[in-house]
Amino acid sequence: MIKRDIDAHLNEISQQYPVITITGPRQTGKTFLAKHFFKGKPYFNLEDLELRDFAQSDPKAFLKPLHEGAIIDEIQYAPDLMSYIQVMVDEKRDKKAQFILTGSQQFSMMQNISQSLAGRTSIINLLPCSLNELTSSKRTKEIKDLKNKLYDKDFLIYNGFYPAIFRDKINPSRFYADYVRTYLERDLNQLTQIENISLFRKFLRACASRVGQLLNKQSLSNDVGIDASTVERWISILEASYILFRLEPYHANINKRLVKSPKIYFYDTGLASFLLDIENEGHVTNHPLKGNLFENMVVMEFLKMRFNQGKTNNLNFYRDKLKEVDLILREASKFTAVEIKYSETIKDNLWSSLDYISKLFPNECANKMLVYGGQKKQERSDFSVLPFSQLGECFAT
């Protein structure tokens, strides 16, 4: 079993809210987390067509025997249930977790929750495993040679972080091929009508080829052969189903020309690697986008850390006509500036952007950090040098 860092937060909110909503990409362990943490609660999976029809056609009868609550998987298939659950928890007035809802479609779920369960539910975002979760798992330590590989950046980039790959020893290329096929056949049909699946596959690959780069809709439009409005619609679909993540730029009141476009990343580097035709970690080592993929991996580690602590996304990047800083971690009126480098060697030129931004924002820039691909930790006079492999130890809940 891979123990999840979110357990501590889940334990806290389960005493404070009558409904817990667990959302995130498919195959991240939402169902396992709900069943493991809320043992004894009846479980219903709305992937079952007969059960789904029952919940949709007669929600009152479906919920009538569930006085003590239940785990309801893939709640997006029967969104009207949320209104009836609201009535049930309001009548009972018990703040301890009664209903546990899971779903894989971010936007549609959030819309229904805001309408029916506002103030009654706490929302958990469960992403693929963090590096800390993998390295501290008893199960992964039992697999020969795996523990050492978990400190190999190219191995991690290629494998990604979905628990099934490590738990069941699935070949990553096979896993992501099935993942894309399932996503295209099931989730897309629920979210929208894609007229040309082969063109959408091409769009997915085009997005992967731009990982860690500024989103240029016109460039995507030209390369794929679709109009700009379709580009935006398809990006929104990828966001809604936890495939693509937009990192927004940090805006400040300074006399500089700042970029306004977000950067695009994938929620998992394994999927991005598959879409780039990477078939083993050796391909990562020699790939022209290895630095971008490493940056993607580190950005996602920071996002997982936030979500596992029950916090919201506080990530940005900074870029003007002179310099770029890969990551800005906002906290109140201050921020930590993070530079991310694939290199395994610490060189003086790696932190020029950190020096630049600390001079530009002397009052706001509280901390500076260089995350790199090597293994030695250093504490410099005004910033930290942190190996990527120690991110999990530093930010474990």
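**Entry 1: the parallel sheet**

I started at strand E3 and looked for the partner of Ile71: Ile71 stands opposite Ile100 in E4. This is a predicted model, and I read every entry below with that in mind. Next I checked Ile72, which stands opposite Leu101 in E4. On E2, Phe44 also stands opposite Ile72 in E3.

I then looked up the pairings themselves. Strand E3 (residues 70-73) is joined to strand E4 (residues 99-103) by 3 bridges, and the two run parallel. E2 and E3 are paired in the parallel sense too, over 3 bridges.

Is E3 covered on one face or both? Both faces are covered. Ala70 and Ile72 are buried on one side, Ile71 and Asp73 on the other. I noted the general rule here: side chains in a regular strand alternate between the two faces of the sheet.

I zoomed out to the whole sheet. It is open, has 5 strands, and follows the order E2-E3-E4-E1-E5 with parallel pairing. Strand E2 (43-45) and strand E5 (121-125) stand at its edges. Each has a single partner strand, so one side of each is left without a neighbour in the sheet. On average, neighbouring strands of this sheet are turned by 15° against each other, direction ignored.

**Entry 2: the mixed sheet and its helices**

I moved on to an open sheet of 6 strands. Its order is E9-E10-E11-E12-E14-E13, and the pairing is mixed. Strand E9 (315-319) and strand E13 (378-379) are the edge strands, each pairing on one side only.

I looked closely at the E9 end. E9 and strand E10 (residues 324-331) run antiparallel and are joined by 4 bridges. Leu315 stands opposite Leu329 in E10.

Which strands does H18 touch? H18 packs on the sheet and touches E9, E10, strand E11 (334-341) and strand E12 (365-372). The direction of H18 makes about 150° with that of E11.

I checked helix H19 (residues 352-360) as well. H19 lies across E9, E10, E11 and E12, and runs at about 170° to E12. The buried residues of H19 are Ser353, Leu354, Tyr356, Ile357 and Ser358. I traced what they pack against: E9, E10, E11 and E12.

**Entry 3: the nonpolar cores**

I looked up the largest nonpolar core and found 80 residues in it. Which of them touch the most other members? They are Leu156, Phe200, Phe203, Leu238, Phe266 and Phe302. Helix H18 (residues 290-308) gives the largest share of this core, 10 residues.

I followed up Phe203. Leaving aside neighbours within four places in sequence, Phe203 is in contact with Leu220, Val224, Ile226, Val231, Trp234, Ile235 and Leu238. Another core, of 20 residues, lies apart from the largest one. Among its members are Phe62, Ile75, Met82 and Ile113. As a general note, nonpolar side chains in soluble globular proteins tend to be buried together.

**Entry 4: the largest pocket**

I finished with the largest pocket, which has a volume of about 470 Å³. It is lined by 23 residues. Which of these are the closest to its centre? I listed Thr28, Gly29, Lys30, Thr31 and Phe32.

I then asked which helices contribute. Helix H2 (30-37) and helix H11 (163-167) each supply at least two residues of the lining. H2 gives the most, with 5 residues.

How values were computed:
Residues numbered from 1 in each chain as written. Predicted model: local features only at pLDDT ≥ 70, side-chain atom pairs only at ≥ 80, totals over all residues. Heavy atoms only, no water. Core = buried A, V, L, I, M, F, W, Y, C linked by side-chain atoms within 4.5 Å. Buried < 20%, exposed > 50% of the residue type's maximum accessible area, 1.4 Å probe, protein only. Contact = heavy atoms within 4.5 Å. Pairing = 2+ DSSP bridges. Axes fitted to C-alpha atoms, helices over the stretch in contact; angles between N-to-C directions. 1 Å grid on protein atoms, 1.4 Å probe; cavity = no way out; pocket = protein on both sides within 12 Å on 5 of 7 lines; lining within 4 Å. Points joined across faces, edges and corners; volume = space filled by probe spheres on them.
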